[in-house]
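Here are my notes on the model, as numbered points. Please read them with the coordinates open.

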Amino acid sequence: MFFSIRLLLLLLVTAALPAAAQSIAFTKDNFGDNKDGLREANRELKDGDTEYRADPPRYAAALPHFLEAQQFNPNNAALNVKIGDCYLHSSTKTAALPYLQKAAKLDATADARTHYLLARALHLSGKWREALAEYQQAQPVGGNTRNGDAESISANDLQRYMQQCRNGQQLAAHPTRVFIDNAGPELNSADSDYGPVVSADESTILITSRRAGSTGGKKDPEGNGFFEDIYQASWQGKKWSRATNLGTPVNTDDHNATVGLAPDGQRMLVYVGTNGGDLLEANLTGSAWTKPKQLGSRINTKYHESSASYSPDGRWLYFVSDRQEGSLGGSDIYKVDMEGRTQPVNLGSAINTSYGEEGVFMAPDGKTLYFSSEGHNSMGGYDIFKSVLENGKWGEPENLGWPINTPDDDVFFVTSASGRHGYYSSDRPGGLGAKDIYRITFLGPEKPPVLSEEDQLLASRLNPVKQTVLAPAVAVATAQVTILKGTVTDDATKQPLDAAIDLIDNTSGQTIATFRSNATSGRYLVSLPSGTNYGIVVRQDGYLFHSENFDLPAGAAFAEVVKDVPLKKLEVGTTIVLRNIFFDTGKASLRPESTAELERLQKLLTETPALKLEMAGHTDDVGEAAKNQDLSQRRAQAVVAYLTQHGIAAARLSAAGYGETQPVAPNTTKAGRQLNRRTEFKVTAK
């Protein structure tokens, strides 16, 4: 009797529960009272299937038809699977999840492929544990095909995806401390915006966009918006200016995308879709960009060359290619000397994997390489990594971590010279379009909580109430690079000049690179990685050269120096300071690092036979005035002696020591005293 009552109660409770969801077919048995709606829905299904089953499938074209049919009947498992599949092949992949979850609920006997698609959607949504469970049920799909086409998922693929989920669990458990902010409507549109590149000082940004108003006005046949065009904006102090289309000759009727920008913003690398995908270069002449030109057959091949980045000195190019010769698999990163004739060199297995690498960027410090990879410990798709070159070897790539990286593709990451900010594109909730440009602010390590010292001293005798306090602020690590920038002008007219700027390694005496100031604005920017004694020489025909010195020891932290350079014409009475003449403290013997500057002075005198100069030595006010006077005289004579020994007639030169009598800055600070210790020349005849 008791058993019968229990059974009856169980049956009543079971009857009260809702029936399990079931897939509803598009048939008149289910929708006989709405024949017109059913007919229209089936027409949409047929049109969608035509696109979906094409070779290759046209997912973007199929999706609108499937969504129309789903409005009529939202409870068909197969249709929800197709919608989810289409979204997984779109720029908004996370939109697939609710459809595939619904499909799994509607079909209790869902096949392995449905479990696989659901696993992908969960994976791409960062639901690591749930994705792993679905991948386990998807195991039988390995090696199968869909609709007779060539798509198949091997057991190795599934194992790789599951490892990516485990990587994601580990990385998400220790998130990177960053702010990730949408760059706003000034840069982003309702369409896809991506591929940001910035000048080293963050004053200029170039992006690629598929927004309306493209140069050619063409739309992508795959439904991905308009053809790509390049846009430019400038930093306005608190936000970017509104991005403007560069127009012709950079943008054409075809696809045009920016992939790299020189640190000074004067040269740009452009990707075009011709010849399988090639890399071109455009130059900023005044305020206008030149027509992009091919980079040559050493770089561009019949294969796909997709992204590139300059080294800080502009000599080397890092680029991505899927060429087969020397490849480690997929697309690899290569390095080539732009001024030489040697063939590109594969960066090797420390960087490249058997999977794809993409979006290469060499930071302005000249040693930190950022790139995206499907290999290493990716959490899914392409993740952004960084590797540092030390003693000629690349360090183990470091995943930038969650939330910078996501389970979807994260590519084309760049940083400012300081390393405090990064830029990339991402498809995130709350964006303005499919893909948006985001600005990343790196916060550095978290300040650790510590116990107050008083509590620790009392701990042996009492059981005090512990007070948690914050440790001193943790400094945010910045790049080991100095940015030197400013404007070159005519000293008399104050008009901007197009001048050459030589970057010299004073230790070796070699010219590392030569840049030019902008012809219209006179602006220049030079990136100086730490670890070198640099000589900076600004020169222009008809003017006396201007020199600066930056001795940056290894490990020197980021700094930004603004130095405007007024070039002086060769006139009697003009005085020029020689910043790269060096003496040991208290001595008058020229150090070897002075050679490059002395050779420039010799060249000036050789090219201007009538030129006569007075070499002048100056000191600070430390020590006795008489000794300072004598030291300054001997230093001026040392310069004259070098020049006469190298072919300059003694009658054209004189030496004068002024000691501490002509300071150019107060002697009350270290910086002021350094400015006062100087060697200079004055034009006495020309």
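1. Largest core. This is a predicted model. Its largest nonpolar core has 41 residues, and F66, Y116 and Y135 touch the most other members. Seven helices feed this core with at least two residues each: α3 (35-52), α4 (59-72), α5 (77-88), α6 (97-106), α7 (112-124), α8 (128-137) and α9 (155-172). The top contributor is α7, with seven residues.

2. Around F66. Set aside the neighbours within four places in sequence. F66 then contacts L45, G48, D49, Y52, L79, K82, I83 and C86.

3. Second core. A separate core of 37 residues is also present. Its members include I205, Y231, Y424 and F442.

4. Salt bridges, K485 to E560. The structure has 28 salt bridges. In one of them, the side chains of K485 and E560 meet at 3.1 Å, N to O. K485 sits in strand β25 (residues 481-490) and E560 in strand β31 (residues 559-562), so this pair ties together parts 75 residues apart in sequence. E560 has 39% relative accessibility, so it counts as partly exposed. The pair also belongs to a network: D201, K485 and E560 are linked by salt bridges.

5. Salt bridges, D502 to R539. The side chains of D502 and R539 meet at 2.5 Å, N to O, in a salt bridge. D502 is in strand β26 (residues 500-505) and R539 in strand β29 (residues 532-539); the pair links distant parts of the chain, 37 residues apart. Are the two ends buried or partly exposed? D502 is at 10% relative accessibility, under the 20% limit, so it counts as buried. R539 is at 39%, between the 20% and 50% limits, so it counts as partly exposed.

6. Salt bridges, D620 to R677. These side chains form a salt bridge at 2.7 Å, N to O. D620 lies in the loop between β34 (612-618) and α12 (625-645), and R677 in the loop between α13 (670-676) and β36 (678-685), so the pair ties together parts 57 residues apart in sequence. D620 is buried, with a relative accessible area of 7%. R677 counts as partly exposed, at 41% relative accessibility.

7. A four-stranded sheet. This open sheet runs β1-β22-β21-β20, with antiparallel pairing. Which strands sit at the edges? They are β1 (178-182) and β20 (414-415), each pairing on one side only. Five bridges join β1 to β22 (residues 436-442), and these two run antiparallel. To check the register, start at F179: its bridge partner in β22 is T441.

8. R323. This residue lies in the loop between β12 (316-321) and β13 (332-337). R323 is at 10% relative accessibility and counts as buried. What does its side chain reach at 2.5 Å? The answer is the backbone oxygen of I299. The R323 side chain also makes a polar contact with the side chain of E305, at 3.3 Å. Not counting residues up to four places away in sequence, R323 touches R298, I299, N300, T301, Y303, E305, Y334 and P344. Both polar partners, I299 and E305, appear in that list.

Key: Residues are numbered from 1 along each chain as its sequence is written. This is a predicted model: local features need pLDDT of at least 70, side-chain atom pairs count only at pLDDT 80 or more; totals for chains, interfaces and linings use all residues. Side-chain values use heavy atoms; hydrogens and water are left out. A nonpolar core is a set of buried Ala, Val, Leu, Ile, Met, Phe, Trp, Tyr and Cys residues joined through side-chain atoms within 4.5 Å. Buried means under 20% relative accessible area, exposed over 50%, partly exposed in between (1.4 Å probe, protein chains only). Contact means heavy atoms within 4.5 Å. A salt bridge is a side-chain nitrogen of Lys or Arg within 4 Å of a carboxyl oxygen of Asp or Glu. Two strands pair if DSSP finds at least two bridges between them. A polar contact is a pair of N or O atoms within 3.5 Å; within protein, one must be able to donate a hydrogen and the other to accept it, and residues adjacent in sequence count only if both atoms are side-chain atoms.
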